[in-house]
Amino acid sequence: MPPPADVTIGELDEREFNLRSVRTSGTLIDAFGDEVDPSNVFLLLKDGGDILPVAIENGSLSNLLSLIDADVRIEGVFHSTI
């Protein structure tokens with residue numbers, strides 16, 4: 001498996017990166033639980049004017065809320081729903 005592609009949030013394009021391993025960074029601007037499945041948490045990362053919603057499983061919402069306004073780096077498989 002190739003290493004994750006290092007991309008900015010603005011560079012994430014579903015035609016090029018859908019279902020590929022990527023690594024990006026941004027400022028965590030919000031975190032909230034999934035109303036349908038409480039074992040999932042959504043994060044909102046912002047880089048300049050670009051915002052990326054990120055779904056994670058089994059996240060501790062209280063711990064994530066303490067990271068609001070922190071610069072974070074995230075790695076995973078990009079799955080576009082568009």
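Me: In which strand is Arg73 found?
Reply: In this predicted model, Arg73 is found in strand E5. That strand covers residues 71-77.

Me: What makes Arg73 count as buried or exposed?
Reply: The relative accessibility of Arg73 is 59%. Exposed means over 50%, so Arg73 counts as exposed.

Me: What makes the link between the side chains of Arg73 and Asp6 a polar contact?
Reply: The side chains of Arg73 and Asp6 are joined at 3.1 Å. The cut-off for such a pair of N or O atoms is 3.5 Å, and 3.1 Å is within 3.5 Å. Leaving aside neighbours within four places in sequence, Arg73 is in contact with Asp6, Arg23, Thr24 and Ser25.

Me: How far apart are Arg73 and Glu11 in sequence and in space?
Reply: They are 62 residues apart in sequence and 15 Å apart in space, taken from C-alpha to C-alpha.

Me: Why does Thr24 count as buried?
Reply: Thr24 has a relative accessibility of 4%. Buried means under 20%, so Thr24 counts as buried. Thr24 is found in strand E2.

Me: Which residues is Thr24 in contact with, leaving aside its neighbours within four places in sequence?
Reply: Thr24 is in contact with Val7, Thr8, Ile9, Leu52, Val72, Arg73 and Ile74. Its side chain also reaches the backbone oxygen of Val7 at 2.8 Å.

Me: What makes E2 and E5 a pair of strands?
Reply: Two strands pair if there are at least two bridges between them. E2 and E5 are joined by 7 bridges and run antiparallel. Ser21, for one, stands opposite Val77 in E5.

Me: How do you know that E1 and E2 pair?
Reply: The requirement is at least two bridges, and 2 bridges join E1 to E2. These strands run parallel. Ala5 has Val22 in E2 as its bridge partner.

Me: What joins E2 to E3?
Reply: A hairpin does, through 6 residues. There are also 6 bridges between E2 and E3, which run antiparallel. In E3, Val41 stands opposite Gly33.

Me: Why are Phe32 and Phe42 called a stacked aromatic pair?
Reply: The structure holds 1 aromatic pair. In that pair, the ring centres of Phe32 and Phe42 are 5.8 Å apart, with 25° between the planes. Rings pair if their centres lie within 6.5 Å, and planes under 30 degrees apart count as stacked, so both conditions are met. Phe32 lies in strand E2 and Phe42 in strand E3, 10 residues apart.

Me: What makes Phe32 and Phe42 partly exposed?
Reply: Phe32 has a relative accessibility of 34%, and Phe42 has a relative accessible area of 27%. Partly exposed lies between 20% and 50%, so Phe32 and Phe42 both count as partly exposed.

Me: How many helices and strands does the chain have?
Reply: The chain has 2 helices and 5 strands. From the N terminus on, the order of elements is β-α-β-β-β-α-β.

Me: How do you know that the chain is as compact as a globular protein of that length?
Reply: The radius of gyration is 13 Å, and the globule rule gives 12 Å for 82 residues. The two values are close, so the chain is as compact as a globular protein of that length. Its C-alpha trace spans about 35 × 25 × 25 Å along the principal axes.

Me: What part of the 82 residues is buried?
Reply: Buried residues make up 26% of the chain.

Notes
Residues numbered from 1 in each chain as written. Predicted model: local features only at pLDDT ≥ 70, side-chain atom pairs only at ≥ 80, totals over all residues. Heavy atoms only, no water. Phe/Tyr/Trp six-rings, centres within 6.5 Å; stacked < 30°, edge-to-face > 60°. Helix = DSSP H or I, 4+ residues; strand = E, 2+ residues; numbered from the N terminus. Buried < 20%, exposed > 50% of the residue type's maximum accessible area, 1.4 Å probe, protein only. Polar contact = N/O pair within 3.5 Å; in protein donor to acceptor, adjacent residues only side chain to side chain. Contact = heavy atoms within 4.5 Å. Rg over C-alpha atoms; globule rule 2.2 N^0.38 Å.
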